Amino acid sequence: MFEHMQKRHRVFFVYIGGESPLKEKYIDAASELIVYTYFFSASEEVVPAYVTLKEMPAVLVFKDETYFVYDEYEDGDLSSWINRERFQNYLTMDGFLLYELGDTGKLVAIAVIDEKNTSVEHTRLKSIIQEVARDYRDQFHRDFQFGHMDGNDYINTLLMDELKVPTVVVLNTSNQQYFLLDRQIKNAEDMVQFINNILDGTVDAQGGDSILQRLKRIVFDAKSTVVSIFRSSPLMGCFLFGLPLGVISIMCYGIYTADADGGYIEERYEVSKSEPDGPEPAGESQEPPEPGAGASLLPAPQEPKDVLEKKKD
C-alpha cells in the first residue's frame, strides 16, 4: 500500500508512531489542510528501508523522490510546516498556483521563458533554476520555491511592467514585492549569489502593497480592462463606454440649461415684483384736475390728519 501511494501521489504526509501529542497536532493539521494534500498514518515497519528516523513518533513528507522529516525546533508550527511543504520543490507556475503560494510565506524564483522557443538562452535559464532547486534544496527550501512560467503575460499584470523574455524574477506573493536580476545569470552559482543577496537585503525590492502602489494598481487594472475590451471587440467597447458617456452628457446639458432658464424666470419675477400694482399717486406739487366734461364732481381725497388735528376737530 505504501508503494502504491508513492506512485499515485507526488506529495503526501505520513505520521509514524503511536498515540502522542504530536499525533493530535497532526490530526488537527490534516483536518485543516485535507483539501490541499494527502495525509496518512502508519507503523514504523511500513516505511521503506531507506527511511532513517532519529526518534519516534515522527511526521514525514515524501516528495521529489525523497523524504523530509519534521523538526519542531527548526520548522516551528506543524501546520505551517505542512503548508510550506505541500508543494514540490520545482513547479510549472501559473496564476492560480502563485496565488496558493502566497500562503506559504516563501519567495518564488521563476524563470520566465517561452517554451516554444528552443534557443539556448531559454533552455539554459530553466535548467539553472532546476539545478538550484535540486542541489541547494537544504539551503533554500525554507525560504524559496522554484519554478518556471511560459510567457510573461501574467507576470506583466502582476508587476505592472513589461518584462523581457527570457528572464528570472523573484516574487514575494504575500506583499506583491518583486526582485529583478542585477546581473546576467550564466550558471547556478550566479543564481545562488543573487538569492543570497536577496536574503541579506543587498537587492532592493520593487513594488509592494503601499497606498501609492494600490492606486497605481487600480489605474493599471482599469487601463488593462479597457484595452482588452477594445482589442477583443471594438464595437462592444464603443457601445459599453459610448452609451454611458452619451447619457451623462445629455444629463449635464439638461442640468445646465435648466439652471439658465430658472435664473431668467427668477429675474423676471423680481423685476415684476418691484413694479407698483396700480397707477402712481399724484405728488403734492401736482394741481388737482379742473372739472371738465369727463371729470368727476367728487372732491379729491384729503390727506389723513394728524391725531391732534382730529382732536381739535
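Pro 166 of this predicted model is found in the loop between helix H8 (153–159) and strand S8 (167–172). The peptide bond that joins Val 165 to Pro 166 is cis, with omega at about 5°. A cis peptide bond also joins Met 56 and Pro 57, where omega is about -5°. Pro 57 lies in the loop between S2 and strand S3, the latter covering residues 58–63. As a general rule, most peptide bonds are trans, and most residues other than glycine have a negative phi.

The backbone after S3 departs from the second part of that rule. Asp 64, although not a glycine, has a positive phi of about 50°, and Glu 65, likewise not a glycine, has a positive phi of about 60°. Asp 64 is found in the loop between S3 and strand S4 (66–69), and Glu 65 belongs to the loop between S3 and S4 as well. Their accessibility can be stated for each in turn. Asp 64 counts as partly exposed because its relative accessibility, 31%, falls between the limits of 20% for buried and 50% for exposed. Glu 65 has a relative accessible area of 86% and is therefore exposed.

Strand S8, met at the outset, also takes part in a sheet. Six strands form this open sheet, in the order S5-S7-S6-S8-S9-S10, with mixed pairing. Its edge strands are S5 (90–92) and S10 (206–207), each of which pairs on one side only. Within the sheet, strand S6 (residues 107–113) and strand S7 (residues 144–150) pair in the parallel sense over 7 bridges. One position can be followed across this pairing: Val 112 has Met 149 in S7 as its bridge partner. In general, the strands of a sheet pair through backbone hydrogen bonds, either parallel or antiparallel.

The account turns next to helix H2 and the loop that follows. Helix H2 spans residues 21–33 and includes Glu 32. With a relative accessibility of 52%, Glu 32 counts as exposed, because the limit for that class is over 50%. Glu 32 contributes to a negative surface patch together with Glu 24, Asp 28 and Asp 77.

Thr 37 lies in the loop between H2 and strand S2 (39–42). Is Thr 37 buried or exposed? Its relative accessible area is 4%, under the 20% limit, so Thr 37 is buried. Thr 37 and Asn 83 are separated by 46 residues in sequence, and their C-alpha atoms are 9.2 Å apart in space.

Note on methods
Residues numbered from 1 in each chain as written. Predicted model: local features only at pLDDT ≥ 70, side-chain atom pairs only at ≥ 80, totals over all residues. Heavy atoms only, no water. Patch = residues over 30% accessible without salt bridge, like charges linked within 9 Å, V, L, I, M, F, W, Y side chains within 5 Å. Areas by Shrake-Rupley, 256 points an atom, 1.4 Å probe, with all protein chains shown as cover. Salt bridge = Lys/Arg side-chain N within 4 Å of Asp/Glu carboxyl O. Lys, Arg positive; Asp, Glu negative; His and termini not counted. Charge placed at Lys NZ, Arg CZ, Asp CG, Glu CD. Helix = DSSP H or I, 4+ residues; strand = E, 2+ residues; numbered from the N terminus. Buried < 20%, exposed > 50% of the residue type's maximum accessible area, 1.4 Å probe, protein only. Pairing = 2+ DSSP bridges.
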